[in-house]
Amino acid sequence: MKKIVFMHHVSSVGGGSFCLLNLLKSVDRSLFEPIVLLKEDGPLFKEIEKLNIRIVLFPQMDVAPYNKSFKRPGTLLTYLSVYSSRFPLLKKLQKLKPDILYLNNSMLYPYLKVAKQIGVKTIIHIREHWPLNEHRYQLHRLQDNIRKYSDRIVAINEYSAKMVAGPNNTVQVVYDWVDFTNRIKEYNLNEIFGEDVSGLKIYLYTGGMQAIKGCREVLKVFSSIKDDKSRLLALGVDYSQREIANILNNDKRIVPFPYVYEIKNLLEKCYCVLSYFTIPHANLAMAEAIILKTPVIAARTEESEEYSNGGELAILFEINNINEFRKAIEHFPEQRDILKCQLNRKSAVIATKFNKERNAQLFRDLLSTM
């Protein structure tokens with residue numbers, strides 16, 4: 001039986017952590033023994049424990065800066081931190097004696113060489129969107145390390161694959177699959193909004209307070225559109241930031257609500273999902289909505305085009321163009337019926353792309369080649 005050490009740099013549950021849990025559940029335990037190396041205890045630690053998988057803490061773990069200038073405060077110190085942690089990792093690996101090291105994030109790339117020095121096979125999972133014309137020296141270091149020291153490269157979409165592919169490297173695309181099996185819970189929108197919402201247009205925002213998800217922009221634009229029949233359910237949004245709190249206090253059509261993992265019912269009931277990513281990034285919530293035939297308004301990026309079948313299954317606007325975003329919402333009611341027809345006809349294409357069984361098998365096939 002081969003031993004695989006999975007490295008993941010955070011213990012919060014969300015994004016890459018959800019994907020890691022899915023990957024761990026898919027490992028064939030008759031062939032592989034998974035061990036997870038985490039930086040710290042946390043919610044992810046508890047979820048992995050439930051899978052009866054050994055966890056080893058590695059508090060020195062760090063990640064290389066993601067698309068940051070060397071002039072930015074803290075960038076050089078972060079590089080120093082991650083490179084100085086390579087020797088402690090070497091000692092960890094020598095003790096654990098794995099056959100394979102699986103890095104669940106491309107910014108863990110400095111650890112690839114450590115594994116290769118002691119004869120451990122390596123796999124790295126690319127999740128990021130680093131524009132090819134930005135901070136090119138830093139990007140080249142990432143690409144060079146990944147191409148030299150990875151035995152296998154996995155990417156979550158076509159752009160991430162293109163970002164690191166080299167003349168002598170092939171990249172396997174394994175999508176962060178969509179599975180609603182344990183994400184079903186009935187929500188009463190009348191209770192959530194404190195009114196009868198039948199006949200109202202319930203928009204949904206799922207990005208929380210993260211700046212890159214455009215929380216401020218979504219709330220600000222929605223609040224500027226004076227439509228008494230529209231409401232916005234804002235998941236993961238709270239009053240902790242002054243500007244956000246002011247918008248919430250001044251527009252009672254917007255209701256903040258805790259982020260929920262059991263999101264299927266909300267996606268099915270909402271009129272439209274609003275998304276305003278401020279940087280290109282994988283937009284899994286967009287794919288989830290499209291699979292459920294729910295309309296989405298989102299920024300145009302390589303990922304959003306890929307996740308909406310070339311843009312035909314969503315309303316896409318120029319990224320960081322707030323006026324286009326506002327117009328997209330204002331004109332959406334007259335476009336919704338056409339988009340719904342498209343979703344009814346072609347959403348199965350996206351459902352197949354993000355299918356759990358298909359992608360889990362691609363992952364298992366990848367491991368089998370090791």
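In this predicted model, isoleucine 225 touches Arg253, Arg326, Ile329 and Glu330, leaving aside residues up to four places away in sequence. Isoleucine 225 sits in the loop between α9 (215-224) and β9 (230-235). Its relative accessible area is 13%, so isoleucine 225 is buried, the cut-off being under 20%. Glutamate 268 lies 43 residues from isoleucine 225 along the chain, and the C-alpha atoms of the two are separated by 24 Å.

The strand that follows this loop, β9, is largely enclosed by the rest of the structure, because six of its six residues are buried. Both faces of β9 are covered. On one side, Ser230, Leu232 and Ala234 are buried. On the other, Arg231, Leu233 and Leu235 are buried as well. Strand β9 has a parallel partner in β8 (residues 201-205), to which five bridges join it. Within this pairing, leucine 232 of β9 is the bridge partner of tyrosine 203. The connection from β8 to β9 passes through α9, and this β-α-β crossover is right-handed. Strand β9 also pairs with β10 (residues 254-257), again in the parallel sense, over four bridges. Here leucine 233 stands opposite valine 255 of β10. The chain reaches β10 from β9 by way of helix α10 (residues 242-250), and this β-α-β crossover is right-handed.

Nonpolar packing was examined next. In soluble globular proteins, nonpolar side chains tend to be buried together. The largest nonpolar core in the model has 106 residues. Met7, Leu219, Leu274 and Ile297 have the most contacts inside this core. Helix α14 (residues 322-353) gives the most to it, with seven residues. Isoleucine 297 touches Cys272, Val273, Leu274, Ser275, Ile315, Phe317, Phe325, Ala328, Ile329 and Phe332, again without counting residues up to four places away in sequence. Ile329 is thus among the contacts of isoleucine 297 and among those of isoleucine 225. Another core, of 27 residues, lies apart from the largest one. Its members include Leu20, Phe32, Tyr102 and Trp177.

Aromatic pairs number 17 across the whole structure. In one of them, the ring centres of phenylalanine 6 and tyrosine 102 are 4.9 Å apart. Their planes stand at 35°, so the pair is tilted. Phenylalanine 6 belongs to strand β1 (residues 2-8) and tyrosine 102 to strand β4 (residues 100-103), so the pair ties together parts that are 96 residues apart in sequence. Both phenylalanine 6 and tyrosine 102 are buried. Tyrosine 102 also pairs with phenylalanine 363, at 5.9 Å between ring centres. These planes are at 75°, so the arrangement is edge-to-face. Phenylalanine 363 lies in helix α15 (residues 356-368) and tyrosine 102 in β4, so this pair ties together parts 261 residues apart in sequence. Both tyrosine 102 and phenylalanine 363 are buried. Elsewhere, Tyr203, Phe222, Tyr271 and Phe332 form one aromatic cluster. Two members of this cluster appear above: Tyr203 is the bridge partner of leucine 232, and Phe332 is among the residues that isoleucine 297 touches.

Polar features were examined in the loops. Histidine 129 lies in the loop between β5 (121-126) and α6 (136-149). With a relative accessible area of 5%, histidine 129 is buried. Its side chain makes a polar contact with the side chain of glutamate 303, at 2.5 Å. Beyond four places in sequence, histidine 129 touches Tyr66, Tyr159, Met163, Pro280, His281, Glu302 and Glu303.

Backbone geometry was considered last. Most residues other than glycine have a negative phi, and most peptide bonds are trans. Asparagine 67 has a positive phi of about 55°, although it is not a glycine. Asparagine 67 is found in the loop between β3 (54-57) and α3 (75-84). Its relative accessible area is 16%, so asparagine 67 is buried. Asparagine 320 likewise has a positive phi, of about 65°, and is not a glycine. This residue is placed in the loop between β13 (315-318) and α14. At 45% relative accessibility, asparagine 320 counts as partly exposed.

Terms used. Residues are numbered from 1 along each chain as its sequence is written. This is a predicted model: local features need pLDDT of at least 70, side-chain atom pairs count only at pLDDT 80 or more; totals for chains, interfaces and linings use all residues. Side-chain values use heavy atoms; hydrogens and water are left out. Buried means under 20% relative accessible area, exposed over 50%, partly exposed in between (1.4 Å probe, protein chains only). Contact means heavy atoms within 4.5 Å. A nonpolar core is a set of buried Ala, Val, Leu, Ile, Met, Phe, Trp, Tyr and Cys residues joined through side-chain atoms within 4.5 Å. Two strands pair if DSSP finds at least two bridges between them. A crossover is right-handed if, with the strands pointing away from the viewer, the path from the first strand over the helix to the second runs clockwise. Rings of Phe, Tyr and Trp (its six-membered ring) pair if their centres lie within 6.5 Å; planes under 30 degrees apart count as stacked, over 60 as edge-to-face and the rest as tilted. A polar contact is a pair of N or O atoms within 3.5 Å; within protein, one must be able to donate a hydrogen and the other to accept it, and residues adjacent in sequence count only if both atoms are side-chain atoms.
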